[in-house]
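Here is a quick tour of the side-chain contacts in this model, covering rings and charges. Keep the viewer open while you read.

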Amino acid sequence: MNNFQFGALEYAMLSPRLRELNRKSFEAANWVTGTSSPWLERYRIEGGTKREDGSVAFQVRFDYRSSTDIDKEVPWTDIEPFPVVVSEDEDGWRVSSFLHNWKHQSVRLPDGVVLTDFDGVYEGSDVRLQLQRLGVANGPDPIREAVGNHAEIVERREMDLPVGKATFAEVKRTPPAAAQSDAVMREYWLVVLDDEPERADRKRAYAWTGIVTGDAEAAREELLDTARTWKLEQE
């Protein structure tokens, strides 16, 4: 089964409302989901608690791995559970919500359109922009963990934005070995960290990111200009 089929299956598992909210993201990624690294090595579905509205909440643990920790022994209890809610409709049971209680992000684009977490990628003149929400360890460098693998942070500085204190990072990313390419992508990241309720060892990273597709300085300015309209609001 190819990645396109996996994307279609994921979409089919969503409730009508989640399909409406996420369709643009699936289309922007050409219905391909997942990346080469990290990958999902295994998962575990636990429990099943019926809620007052008839839906059922499950705790799902995802064990993500990369080439650096593929052989590491990781007990299930060390993997943070992710709450997933399923509801029944005329077509059967579908994923209807995720009880993450994260804040909602939005940015006003140069053309006046408001981009949200659910709207996928915006192609600017010199940059490909996207809002992201990432769970990271509350370790010595959560920004580095948010940026991810195959990446080098070449510049970093703190900034005061209307959305709050943010870290700006310029990133050079190399493709994984399986891609058989030596092309290097330049990226700009703005990251705001927030506490994870009831988990002192975790942080929530809200990110406004840009992959350079044209002039690097123009891409940086477009990211920083739009960041002045970046909002975080409790869902």
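Start with a charge over a ring: in this predicted model, the charged end of Arg42 sits over the ring of Trp76, 3.9 Å from the ring's centre. A similar arrangement turns up with Arg157, which lies over the face of Phe168 at 5.0 Å from the ring centre. Keep both Arg157 and Phe168 in mind, since each comes back below.

**Rings with rings**

How many aromatic pairs does the model hold? The count comes to four. Take Phe62 and Phe82: their ring centres are 6.4 Å apart and the planes sit at 65°, and as anything over 60 degrees counts as edge-to-face, that's the label this pair gets. The two partners are 20 residues apart in the chain, with Phe62 in strand E2 (residues 56–65) and Phe82 in strand E3 (residues 81–89). Phe62 is partly exposed at 29% relative accessibility, and Phe82 is partly exposed too, at 33%. Tyr64 joins in as well: ring pairs link Phe62, Tyr64 and Phe82 into a cluster.

Then there's Phe168 with Tyr188. Their ring centres lie 5.8 Å apart with 25° between the planes, and the pair is stacked. Phe168 belongs to strand E10 (residues 164–173) and Tyr188 to strand E11 (residues 185–195), and the two are 20 residues apart. Are these rings buried or exposed? Phe168 is buried at 0% relative accessible area, and Tyr188 is likewise buried at 0%. So the Phe168 ring has Tyr188 as its stacked partner and Arg157 over its face.

**Charges with charges**

Side chains of opposite charge can pair when their charged atoms come close. Here the count comes to 18 salt bridges, and the table picks out some of them.

| Salt bridge | N to O distance | Where the partners sit |
|---|---|---|
| Arg202 and Glu80 | 3.1 Å | Arg202 in strand E12, Glu80 in the loop between E2 and E3 |
| Glu170 and Arg186 | 3.4 Å | Glu170 in strand E10, Arg186 in strand E11 |
| Arg173 and Glu187 | 2.7 Å | Arg173 in strand E10, Glu187 in strand E11 |

What does the Arg202 and Glu80 bridge tie together? With Arg202 in strand E12 (residues 202–212) and Glu80 in the loop between E2 and E3, the pair ties together parts that are 122 residues apart in sequence. As for accessibility, Arg202 comes in at 19%, and since buried means under 20%, Arg202 counts as buried. Glu80, at 26%, counts as partly exposed.

Strands E10 and E11 come up again with Glu170 and Arg186, whose bridge ties together parts 16 residues apart in sequence. Glu170 is buried at 8% relative accessibility, whereas Arg186 is partly exposed at 31%. The Arg173 and Glu187 bridge also links E10 to E11, its partners being 14 residues apart. Both Arg173 and Glu187 are buried.

**Where the charges join up**

Which residues are linked in a network of salt bridges? Glu155, Arg157, Glu170, Arg186 and Arg220 are. Arg157 is therefore part of this network as well as lying over the face of Phe168, a ring in strand E10. Glu170, another network member, lies in E10 too.

Terms used
Residues numbered from 1 in each chain as written. Predicted model: local features only at pLDDT ≥ 70, side-chain atom pairs only at ≥ 80, totals over all residues. Heavy atoms only, no water. Phe/Tyr/Trp six-rings, centres within 6.5 Å; stacked < 30°, edge-to-face > 60°. Helix = DSSP H or I, 4+ residues; strand = E, 2+ residues; numbered from the N terminus. Buried < 20%, exposed > 50% of the residue type's maximum accessible area, 1.4 Å probe, protein only. Lys NZ or Arg CZ within 6 Å of the ring centre and 35° of its normal. Salt bridge = Lys/Arg side-chain N within 4 Å of Asp/Glu carboxyl O.
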